[in-house]
Amino acid sequence: VLPERLQRREAERQQGVERQRQKKEAQVVKEEQSEFFLATFAQEREAVEALLAAGTLEEAAARLQALQKLLTGSVRFLAPYEVRQGQETVVRLQGDLAARRQQLQPKKKFAFRALKKEAAPGSAPRPTEPAPPAPAAPGLGLAEGEPGGPPLCGFSGAQDEELELGPAELLQQDVLLSELRGCRVRLRGNPNTLRVRDCHGCTVLCGPVSTSVLVDGCSDCLLALACQQLRTHRTRDCRVYVQVTSRAVIEACSGVSFAPYSWSYPGIERDFESSGLDKNSNNWNLVDDFDWLATDKPSPNWSLISEQERVTCWD
């Protein structure tokens, strides 16, 4: 009996040693992958910054998209703070790209300048007519402090209204929805960015967004969003139907639930092509909660919407 017991203990000891060896090897591989990612990410970030400074925006946009894909493909072996730093860097570069585009695009001409005619000898000079003031854009009063200046379109301060923008108005624009109450918003088209701020009891349906979506300070909302990156701050009791190529991020949130993006409209395939989003890549059920660092227990701040409870008819 004694030799069998000793043999069993020896086998258990060897199994424990083997498990520790495998764990150590896995940790070494993870650290090596992390070091390679950080070096590559820093190199690509510097390349994007140099292209932006030189005004080579199309190449900068392509390199930035590759940088986003590098981050998305590396999250499985990165520490949470490394993921957060990478996402913040990508968002900052996206803002810089939008600002450079706005800075370098030619200014719109609102009127033609007539050629001056020489006055006849002895005639009195004709007084110059003052130019009419340019009309202020409605609904954009809360855009101060946004990267790249104020957004070009959006809605603000409406209550219990049906609001809508189409493809021509949205194409590669920065859109802001702020302080809406009980509104239903349809954005059929391809914006560059979308910010939904301080909205309550609203339904927001949006076509594919080329870069990032920020949801901040919202409650009791239903959102359908397709984007590269989704960040949700200070938000509660919202349902989000999302197509996202990276991992969604929540912070200071509660009662947020997720389901795959299912809104559709005529022309959405064309808008997906224009946005550059990969429809085959959707991390709708992968969410990073920056207020929940435990790895052995799920965050209580977000959940998945069951198939039986998902919206199937959006009209």
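Me: Before I look at Val244, what does buried mean here?
Reply: Buried means under 20% relative accessible area, whereas exposed means over 50%. The model is a predicted one, and of the 315 residues of the protein, 43% count as buried.

Me: And Val244 then, buried or exposed?
Reply: Val244 has a relative accessible area of 0%, which is why it counts as buried. Val244 belongs to strand 10, which covers residues 239–244.

Me: Which residues does Val244 touch, leaving out those up to four places away in sequence?
Reply: Val244 touches Cys227, Gln228, Gln229 and Leu230, and also Ser281, Asn282, Asn283 and Trp284.

Me: How far is Val244 from Asn285 in sequence and in space?
Reply: Val244 and Asn285 are separated by 41 residues in sequence, while their C-alpha atoms are 9.5 Å apart in space.

Me: Which sheet is strand 10 in?
Reply: Strand 10 is in an open sheet of seven strands, whose order is 2-4-6-8-10-12-14 and whose pairing is parallel. Strand 2 (162–165) and strand 14 (302–304) each have a single partner strand, so one side of each has no neighbour in the sheet. On average, and with direction ignored, neighbouring strands of this sheet are turned by 20° against each other.

Me: How many bridges join strand 10 to strand 12?
Reply: Four bridges join strand 10 to strand 12 (residues 256–260), and the two strands run parallel. Arg239 has Ser257 in strand 12 as its bridge partner.

Me: Which helix packs on that sheet, touching strand 10?
Reply: Helix 5 (residues 268–275) does, and besides strand 10 it touches strand 6 (203–208) and strand 8 (222–227), with its direction at about 65° to that of strand 6.

Me: Which residues of helix 5 are buried, and why are they on the same side?
Reply: The buried residues in helix 5 are Ile268, Asp271, Phe272 and Ser275. They are on the same side of helix 5 because they cover an arc of only 105° around the axis. As a general point, an α-helix has 3.6 residues a turn, so residues three or four places apart point the same way. Strand 6, strand 8 and strand 10 are included in what covers the buried residues of helix 5.

Me: What is on the face of helix 5 turned away from the buried side?
Reply: That face carries Arg270 and Glu273, which are exposed.

Me: What follows helix 5?
Reply: Gly276 follows helix 5, and the phi of Gly276 is positive, near 80°.

Me: Changing topic, what is the order of the open sheet that has strand 1 in it?
Reply: The order is 1-3-5-7-9-11-13, with seven strands and parallel pairing. The edge strands are strand 1 (153–156) and strand 13 (287–289), each of which pairs on one side only, and the twist averages 10° from one strand to the next.

Me: How is strand 13 joined to strand 11?
Reply: Three bridges join strand 13 to strand 11 (residues 248–251), and these strands run parallel. Val287 in strand 13 has Ala248 opposite.

Me: Which strands does helix 3 lie across?
Reply: Helix 3 (residues 80–104) lies across strand 3 (174–178), strand 7 (212–216), strand 9 (229–233), strand 11 and strand 13, and it runs at about 105° to strand 9.

Me: Last one, how many helices and strands does the protein have?
Reply: The protein has five helices and 14 strands. Its accessible surface comes to about 18900 Å², of which 53% belongs to carbon and sulfur atoms.

How values were computed. Residues numbered from 1 in each chain as written. Predicted model: local features only at pLDDT ≥ 70, side-chain atom pairs only at ≥ 80, totals over all residues. Heavy atoms only, no water. Pairing = 2+ DSSP bridges. Axes fitted to C-alpha atoms, helices over the stretch in contact; angles between N-to-C directions. Contact = heavy atoms within 4.5 Å. Buried < 20%, exposed > 50% of the residue type's maximum accessible area, 1.4 Å probe, protein only. Arc of directions from axis to C-beta. Areas by Shrake-Rupley, 256 points an atom, 1.4 Å probe, with all protein chains shown as cover.
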